[in-house]
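Reader: I am new to this structure and should be grateful for a close look at a single part of it. Please set that part within the whole chain as you describe it.

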Amino acid sequence: LKIKIMCGPLCAIGIAGGLWLSRLIGINDLTLGIWIGALLLSLAIQFNKFLIKRNKAFSLSFWLIFILMWIMSILPLWGRLKTTEFFCGMPRLVFGALIGTFVLYSSDWLNNKIISRHNNKVYFYYQRTIIPIMALILVSAIVEIIFC
């Protein structure tokens with residue numbers, strides 16, 4: 001996993017804002033999970049970057065951080081998740097979080113491919129933040145319209 005050029009702190013703040021807004025307007029747990037999964041990935045990346053700058057990271061530090069964040073986020077909700085609706089055999093929140101993690105990773109990967117073909121220059125200001133957040137909004141809208 002190449003984390004050197006992935007989603008920055010503004011991306012994490014934007015995702016957290018989307019998560020707050022989603023909960024505020026009463027979005028379904030499946031869609032809410034998309035934002036939670038993206039936030040967990042973004043925070044794990046940022047924390048691992050912090051460790052790299054401090055020379056405290058090791059070869060599997062990102063994966064350890066990412067897995068611990070998932071456990072620390074899902075475990076407190078476990079009682080609620082057992083009584084919630086299921087989607088594809090999983091609690092809606094957990095399934096949505098898996099989708100959100102995938103969407104953030106893939107949109108960022110695609111964005112980096114586009115940037116690398118443009119001599120490592122962005123096409124517009126804050127492209128590294130806007131593209132992943134727009135992908136999350138698009139997938140959230142599709143999920144909310146079709147499945148919720």
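Author: A contact here means that heavy atoms lie within 4.5 Å of each other. Among the contacts in the protein chain with a separation of 6 or more, 68% join residues 24 or more positions apart. The model under discussion is predicted.

The whole chain provides the setting. It contains six helices and two strands, and along the sequence these follow the pattern α-α-α-α-β-β-α-α. The C-alpha atoms fill a box of roughly 50 × 35 × 25 Å along the principal axes. For 148 residues, a compact globule would have a radius of gyration near 15 Å, and the 16 Å of the protein chain therefore agrees with that expectation. Of the 148 residues, 43% are buried. The accessible surface comes to about 9,000 Å², and carbon and sulfur atoms account for 70% of this area. As for charge, the chain has 14 positive and 4 negative charges, whose mean positions are 19 Å apart.

The part chosen for the close look is helix α2, which covers residues 29-53. Two of its leucines will serve as guides: Leu30 and Leu51.

Leu30 counts as buried because its relative accessibility is 0%, and buried means under 20%. Leaving aside residues up to four places away in sequence, Leu30 touches Phe87, Arg92, Phe95, Gly96, Val143, Phe147 and Cys148. One of these partners, Val143, is itself a buried residue of helix α6. There is also a pairing between C-alpha atoms to note: Leu30 and Leu93 are 63 residues apart along the chain, yet their C-alpha atoms are separated by 5.0 Å.

Leu51 is likewise found in helix α2. Its relative accessibility is 15%, so Leu51 also counts as buried. Outside the neighbours up to four places away, Leu51 touches Lys56, Ala57 and Ile65. The C-alpha atoms of Leu51 and Phe86 are separated by 37 Å, with their positions 35 residues apart along the chain.

Beyond the helix comes the loop between α2 and α3 (61-74), where Asn55 is found. The phi of Asn55 is near 60°, a positive value in a residue other than glycine. Asn55 is exposed, since its relative accessible area is 70% and exposed means over 50%.

A contact of Leu30 led to helix α6, and that helix merits a further word. Helix α6 spans residues 127-147; at 1.5 Å a residue its 21 residues should cover 30 Å, so the distance of 29 Å between its end C-alpha atoms agrees. Its buried residues are Gln127, Thr129, Pro132, Ile133, Ala135, Leu136, Ser140 and Val143.

Two of these, Gln127 and Pro132, are touched by Asn111, as are Arg128 and Ile131, when residues up to four places away are not counted. Asn111 belongs to helix α5 (residues 92-116). With a relative accessible area of 1%, Asn111 is buried. In the loop between α5 and α6 lies Tyr126, which has a positive phi of about 60° although it is not a glycine. Tyr126 has a relative accessible area of 57%, so this residue is exposed.

To return to helix α2: Leu30 has 0% relative accessibility, Leu51 has 15%, and Asn55, in the loop that follows, has a relative accessible area of 70%.

How values were computed. Residues numbered from 1 in each chain as written. Predicted model: local features only at pLDDT ≥ 70, side-chain atom pairs only at ≥ 80, totals over all residues. Heavy atoms only, no water. Helix = DSSP H or I, 4+ residues; strand = E, 2+ residues; numbered from the N terminus. Buried < 20%, exposed > 50% of the residue type's maximum accessible area, 1.4 Å probe, protein only. Rg over C-alpha atoms; globule rule 2.2 N^0.38 Å. Areas by Shrake-Rupley, 256 points an atom, 1.4 Å probe, with all protein chains shown as cover. Lys, Arg positive; Asp, Glu negative; His and termini not counted. Charge placed at Lys NZ, Arg CZ, Asp CG, Glu CD. Expected span 1.5 Å × (residues − 1).
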